[in-house]
Each structure stands twice: as structure tokens, then as C-alpha cells.
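Trainee: I should like to be guided through the charged pairs and the helix packing here.
Mentor: Certainly; let us look at the structure together.

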Amino acid sequence: MLKYFKYLLRLEWKKFNANTTVRVLVAIFVFLAPFTILSVKDLFKEAVPPFPRSAVLYEFPTVWDYQGYALGNWLAPYMLGFLVIYIITSEVSNRTMRQNIITGMTKTDYFNGKMLMVLVVTTVATFIYAMSTIILGFFHTDGVYMELIFDNNNAISKFFLMTLGYLSFAMLLSFLIRRGTLTILIYFFYITMLEPLIMAGHVYYIRNSSRNYYPINSFEDLHVNPLFRIPDFFSKSEWNFSIVLPQGHAALMTTIYTSLFLWCSYKLFMRRDV
């Protein structure tokens with residue numbers, strides 16, 4: 001089994017390691033990982049309650065939350081979502097998907113290779129998140145010690161699950177639509193506009209906490225913006241329910257949606273011609 005996985009990953013590596021688009025997207029993510037959150041440092045320098053002072057964003061243990069939100073809900077969905085879409089749809093347009101099947105690769109092997117690629121990208125992104133957070137916290141926290149560094153409320157595993165959720169959604173759309181530009185447009189439109197609009201309509205017509213259980217919102221709530229505690233307080237007062245999922249609910253829903261997206265991707269790919 002290990003040999004099989006190595007073979008599939010080696011094949012994916014040979015296809016894309018020299019690809020300029022892939023290299024640029026990976027480089028942007030790696031370079032921006034520690035700097036995304038630093039871009040708002042001056043914005044909170046003189047913040048007054050209920051907004052946090054600037055130091056809270058970068059010191060342990062709260063840096064895990066703010067960095068997780070910055071990378072997990074902004075950088076990863078866009079950069080890595082685009083990466084997954086490009087890797088899959090470019091093989092359709094370049095006809096390398098068909099070539100792989102014609103030359104003896106089964107459709108199951110091909111799909112497993114793409115799923116392994118998604119898992120590797122997710123794992124590497126999680127490692128970058130963990131290392132960048134530790135570095136940021138180390139240079140902004142007085143009296144650092146090991147227990148404080150890893151006082152993160154399972155932040156690393158939540159980041160992994162959240163990133164995998166976004167990428168599984170990108171994977172599903174890639175196998176469904178197959179056209180690169182159109183897939184990217186629909187992916188970005190859904191996560192930035194369509195689902196928030198659906199949730200707004202849901203609140204208008206059905207004012208209860210069921211509006212929290214849509215897929216992208218479930219992913220986001222694993223590393224929700226810490227500043228959402230302010231509007232969340234008012235929503236509890238006015239609507240009698242929270243706008244943020246409990247962490248256990250967010251993890252469960254993300255696991256369900258991710259499994260569903262991957263299963264649908266597999267069934268869709270197996271039934272369609274290459």
C-alpha cells in the first residue's frame with residue numbers, strides 16, 4: 001500500500017513540480033503565511049475595547065486563533081483552492097487525464113492520486129500554519145515556555161480539517177465543471193457571495209441557528225474570526241441564538257461535508273467519460 005501511494009505521489013510530482021503556475025501559487029502561500037496577519041498590525045495599534053490591542057493578535061496563546069483565521073479563511077481557500085482547481089482542470093484541457101487512462105492507469109488510480117495530492121497540500125499548509133504561528137508568537141510574547149506555546153485548543157487539527165474541507169469542495173467543482181476559469185469563478189462566487197446571501201435569506205425567513213450549518217460557514221467556524229464575539233453577543237440578545245457554531249458542531253459538520261464532497265467527486269469522476 002505504501003509503495004502504491006508513493007507511486008501515485010511521484011506521478012503527481014513529475015506532472016507539476018516544474019509547472020510555473022503551481023510554483024507561483026505555492027510560493028505566494030509560503031511567503032504570505034507569516035505576513036498576512038502582520039498587515040493589520042498598525043490598524044489595531046491604538047484600538048479601544050471591545051476591539052483587541054495589537055499585541056493580542058501576535059502573542060501566545062491568542063495568536064493561534066488570529067493566525068488560523070487569517071490563513072484558514074483567507075489565504076488557504078483562495079491560493080490553495082485555486083491550486084487544486086488548476087491541477088485537476090488543467091489535465092482535462094491538456095488531455096493528460098485521458099492519456100493517463102489510455103496508457104494503463106485505472107480511473108480509481110487517477111482519482112486516488114488527486115485525493116492524495118489534496119491531502120499532501122493540506123498537510124503542508126497545516127505545517128506552515130503551525131510553524132508561522134510559533135515564530136510569530138515567539139517574537140511577540142514575553143516569557144515563552146512550552147506549555148504556553150501549545151495552549152491552542154486543538155488549533156492545528158482544526159486548521160487541517162478546515163483546509164481539507166475547502167480543498168475537497170474545490171475538488172468536487174473541478175470534477176463537476178472541468179473548465180478551469182469557470183470552475184474558479186463559481187468556486188469564488190459561492191464561498192464569497194452565494195452562501196452568505198443564502199444564509200441572509202435563511203435568517204430572514206427562518207430565524208434560528210440552522211443558518212450556521214451550511215458547508216463554508218461550518219469550515220469557517222473552526223477558526224472563526226475572534227472579533228465575531230462582538231456581533232455574536234448582539235445576535236444572542238436579539239435573535240436568541242449564536243451566529244457561531246460550537247467547535248464540536250463545526251468539526252462534525254466539516255467532517256460530514258468533506259466526506260460527502262470526496263464521495264461525490266469519486267462517483268462523478270467514475271461515471272463520466274475522460
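**Salt bridges and helix packing**

Mentor: In this predicted model, the side chains of lysine 15 and glutamate 12 form a salt bridge, with N and O 3.7 Å apart.

Trainee: How are lysine 15 and glutamate 12 separated in helix α1?

Mentor: Both residues belong to helix α1, which spans residues 2–16. They are three residues apart, and therefore their separation is about one helical turn.

Trainee: Is glutamate 12 buried or exposed?

Mentor: A residue counts as buried when its relative accessible area is under 20%. Glutamate 12 has 6% relative accessibility, so this residue is buried.

Trainee: Which lysine in helix α5 pairs with glutamate 12 in helix α1?

Mentor: The closest N and O atoms of this salt bridge are 2.9 Å apart. The pair links distant parts of the chain, 102 residues apart. The partner of glutamate 12 is lysine 114.

Trainee: Which glutamate in helix α3 does lysine 114 also meet?

Mentor: The N to O distance in this salt bridge is 2.5 Å. The pair ties together parts 23 residues apart in sequence, because lysine 114 lies in helix α5 and its partner in helix α3. Both residues are buried, and the partner is glutamate 91.

Trainee: How are helices α3 and α5 oriented to each other?

Mentor: Helix α3 (residues 63–93) and helix α5 (residues 107–140) pack with their axes 10 Å apart, at an angle of about 155°. Angles over 145 degrees count as roughly antiparallel. The two helices are therefore roughly antiparallel.

Definitions and conventions:
Residues are numbered from 1 along each chain as its sequence is written. This is a predicted model: local features need pLDDT of at least 70, side-chain atom pairs count only at pLDDT 80 or more; totals for chains, interfaces and linings use all residues. Side-chain values use heavy atoms; hydrogens and water are left out. Axes are lines fitted to C-alpha atoms, for helices over the stretch in contact, and angles run from 0 to 180 degrees between N-to-C directions. Helices (H or I, at least four residues) and strands (E, at least two) are DSSP runs, numbered from the N terminus. Angles under 35 degrees count as roughly parallel, over 145 as roughly antiparallel, 65 to 115 as roughly perpendicular and the rest as oblique. A salt bridge is a side-chain nitrogen of Lys or Arg within 4 Å of a carboxyl oxygen of Asp or Glu. Buried means under 20% relative accessible area, exposed over 50%, partly exposed in between (1.4 Å probe, protein chains only).
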